[in-house]
Structures are given as structure tokens and as C-alpha cells.
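I opened this model to look up how its strands, helices and cores fit together. My entries follow in the order in which I looked.

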Amino acid sequence: MTDGNTSHDAVVIERSFDAPADLIWQMWTKPEHFKVWYGPDGAAVPVAKMDVRVGGSRLVCLEMDTPGGPMQMWFTGEYREVVENQRLIYTESMSDENGNVISPPDMGMPGGHPATTEVRIELEDLGGRTKMVLTHTGIAAGSPGAAGWAMALSKLAAHVEAQAAR
Amino acid sequence: MALAIDEDRLSETFAALANSTRRAILARLAEGEANVNELAGPFDMTLPAISKHLKVLERAGLVERSQRAQYRPCTLNPAPLEEISAWAGQCRAVWEARFDRMDDYLSKLQPQRRTGERDD
């Protein structure tokens, strides 16, 4: 499914970490590590269930303090590809605490968010250091047209920017 | 700004973009207005088929069609694409912050790496 088009996807972030690939892998796959770094600022991750195998499910809870009290947001998904220390692909949708998918507007979610997204993490061992590439697309692989939707963005980017600048 | 994003329309935009013919139509319209005949030119497709794609793009708010008599030119409306860009921007910011925290956490987990590198 590698089509060489990753640079056209919605969000691609490349980072190098001063740690071996197996430790970075654990950051993503061991709840005790994942909970430490995953929550956005001001949020905690009280629940991170991960059945890290192809077809296995995940359930993550983000809890943030709001003026109206703590607010929980739940996310569920499924692992699509699991290659230890190298490659992890999973889907993500908003859900209830039992992992039943809920559409973002029904959650009262203020910001825009596509219903299901796909997160892909690729690790490359650089001899003690690790290069990590995260690709987050707004549509899950396997959906019709998943490979190409974002290409429209790159083709039209110049036009969009020109419009936005007016 | 972020609060103005409409989730339903965002999903519709993603769906509308999930087709190579429709993306090609948008790319053509990015160069300037065109009517159905002109848009159909490069494709081996009937006019009704092209019209169908245009309707999907119209529903997603990506294309606007003038009612001007026979010619009825189509124009590109980039606003929904900007919403996707906005989504991607929010998403990127969240991940960048997470990876900063991952980096901090990694240096706490393996303090010897940061302090032990200068002994040569």
C-alpha cells in the first residue's frame, strides 16, 4: 500500500529522538509510557487500552479540566499494521467509554474533526537514535479514494493560499 | 477560527475529494471558470457523468455554478479546502506538542544518554 505519496498526506511530521527504536516503539504500545506523553497540555490520559496486534482494538481516554469540571473524551480504533520496532498503523474515531463510535458533532466537539482518521508511525533505527515519521490522514486507508484525497490539497495549495491571503 | 469548522461539511469535503475525476475538475477550475462542456473535454466521459461529479462538488460547497443563461460557468470555492487545511494545522500542533513531551520523557527515562556523551 506504499504509494510514495506520503508527503501529500494531511499531516506528516518527522522527528529524531535520542533513543533506540525499541524504546520509541514502547512509547506507542505500552500504556504506562503512552499515558505520560500523549495527553495534550492540561490533559491526563486515565485509560489507554491497547491490544497491539492486527485487528486488535484500542481505547484511549483524555481527561481535561474545564471550568465546568473534568471532561472526558474517548477514542477508539483498530490496529491495521503492527511490525515491531518499525511500523504501526491504527485508526481513530471518537467514541464512548465502551468504544462505541460517536460522531464528533454528537460529542459536542467544538473543533472540526473527520469521523475516522488513520495514524501511521514509521521508525528507522539510526544506531541508537531513531527517526520517527508520523502520518495522520483524515480518512482511513481502505476507504474509497484514501490514497489520493490529499493530493488535491497539494495541487490546489497555491490557489488556496492565494485566496486566503486576500 | 477553529471553532468555525463544520464537521459535516468537513466529512463531505473529504468524500468529494476521494475521486480522481473530481480532483481533476477542481484542478481545472483552479485555473479559472469553465462550463460543463469545457470540463468534460479532457475526460472520456459523458456529459451527464461529468454533471454528476459536479453535483457532488457543489453539495460539498467546493464548486459554485452561476445561473447565467446557457453558459452556466462553474467556479472553484476554496473555502472547504481551507477548512481541511485548518484541521491539518490543528492536528499538527497537537502532535508537535506531544512529541516535545515524548522527548522530555525519554531523557528522564535514560538520563545517561544526555550526560554521558562528552567523554571522548
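**Entry 1, a bridge between β1 and β7.** I began with Glu14(A) and looked for its bridge partner in β7(A), which turned out to be Val133(A). The model I am reading is a predicted one, and I keep that in mind for every entry below. The pairing to which I then turned, that of β1(A) with β7(A), is antiparallel and runs over 7 bridges.

**Entry 2, the whole sheet.** I next followed the strands across and found an open sheet of 7 strands in chain A, with antiparallel pairing and the order β1-β7-β6-β5-β4-β3-β2. At the edges I noted β1 (11-17) and β2 (43-50) of chain A, each of which pairs on one side only. From one strand to the next, the twist averages 20°. I also looked at what lies against this sheet, and found that helix α5 (residues 79-109) of chain B packs on it, touching β1 and β7 of chain A, with a direction about 15° from that of β1(A).

**Entry 3, the β6 and β7 hairpin.** I looked up strand β6 (residues 116-125) and strand β7 (residues 130-137) of chain A, which pair in the antiparallel sense over 8 bridges. Within this pairing I wrote down that Arg120(A) stands opposite Thr135(A) in β7(A), and that Ile121(A) has Leu134(A) in β7(A) as its bridge partner. The hairpin has 4 residues between its strands, and in it Gly127(A) takes a positive phi near 70°.

**Entry 4, a positive phi outside glycine.** I stopped at Asn85(A), which has a positive phi of about 65° although it is not a glycine. Asn85(A) sits in the loop between β4 (69-83) and β5 of chain A. Is Asn85(A) buried or exposed? I found it to be partly exposed, because 17 other C-beta atoms lie within 10 Å, whereas a buried residue would need 20 or more and an exposed one 12 or fewer.

**Entry 5, the cores.** I then asked which residues of the largest nonpolar core touch the most other members. Of its 17 residues, these are Ile24(A), Ile121(A), Leu123(A) and Met132(A). I listed the elements that each supply at least two residues of this core, namely α1 (21-29), β5 (87-95), β6 and β7 of chain A, together with α5 of chain B. The largest share, 5 residues, comes from α1(A). For Met132(A) I noted the residues it touches, leaving out those up to four places away in sequence: Arg15(A), Phe17(A), Ile24(A), Ile121(A) and Leu123(A). I also recorded a second, separate core of 15 residues, which includes Leu17(B), Ile25(B), Ala40(B) and Ala60(B).

**Entry 6, a helix pair across the chains.** I looked up helix α2 (residues 31-38) of chain A against α5(B), and found that their axes come within 8 Å and cross at roughly 125°. That angle makes α2(A) oblique to α5(B). On the side of α2(A) the contact is made by Val36(A), Trp37(A) and Tyr38(A), and on the side of α5(B) by Arg98(B), Arg101(B), Met102(B) and Tyr105(B). When I sorted these residues by class, the contact of α2(A) with α5(B) came to 5 nonpolar, no polar and 2 charged residues.

**Entry 7, a helix pair within chain B.** Helix α2 (residues 20-29) and helix α4 (residues 47-59) of chain B pack at an angle of about 75°, with their axes 10 Å apart, and α2(B) is therefore roughly perpendicular to α4(B). Here I found Thr21(B), Arg22(B), Ile25(B) and Leu26(B) in α2(B) meeting His53(B), Leu54(B), Val56(B) and Leu57(B) in α4(B). The residues of this contact divide into 5 nonpolar, 2 polar and 1 charged.

**Entry 8, chain totals.** I closed with the two chains as wholes.

- Chain A has 3 helices and 7 strands, and of its 166 residues 28% are buried.
- Chain B has 6 helices and 2 strands, running α-α-α-α-β-β-α-α from the N terminus on, and of its 120 residues 27% are buried.

Definitions and conventions:
Residues numbered from 1 in each chain as written. Chains lettered and ligands numbered in written order. Predicted model: local features only at pLDDT ≥ 70, side-chain atom pairs only at ≥ 80, totals over all residues. Pairing = 2+ DSSP bridges. Axes fitted to C-alpha atoms, helices over the stretch in contact; angles between N-to-C directions. Contact = placed C-beta atoms within 7 Å. Core = buried A, V, L, I, M, F, W, Y, C linked by C-beta atoms within 7 Å. Parallel < 35°, antiparallel > 145°, perpendicular 65-115°, else oblique. Nonpolar A, V, L, I, M, F, W, Y, C, P; charged D, E, K, R; others polar.
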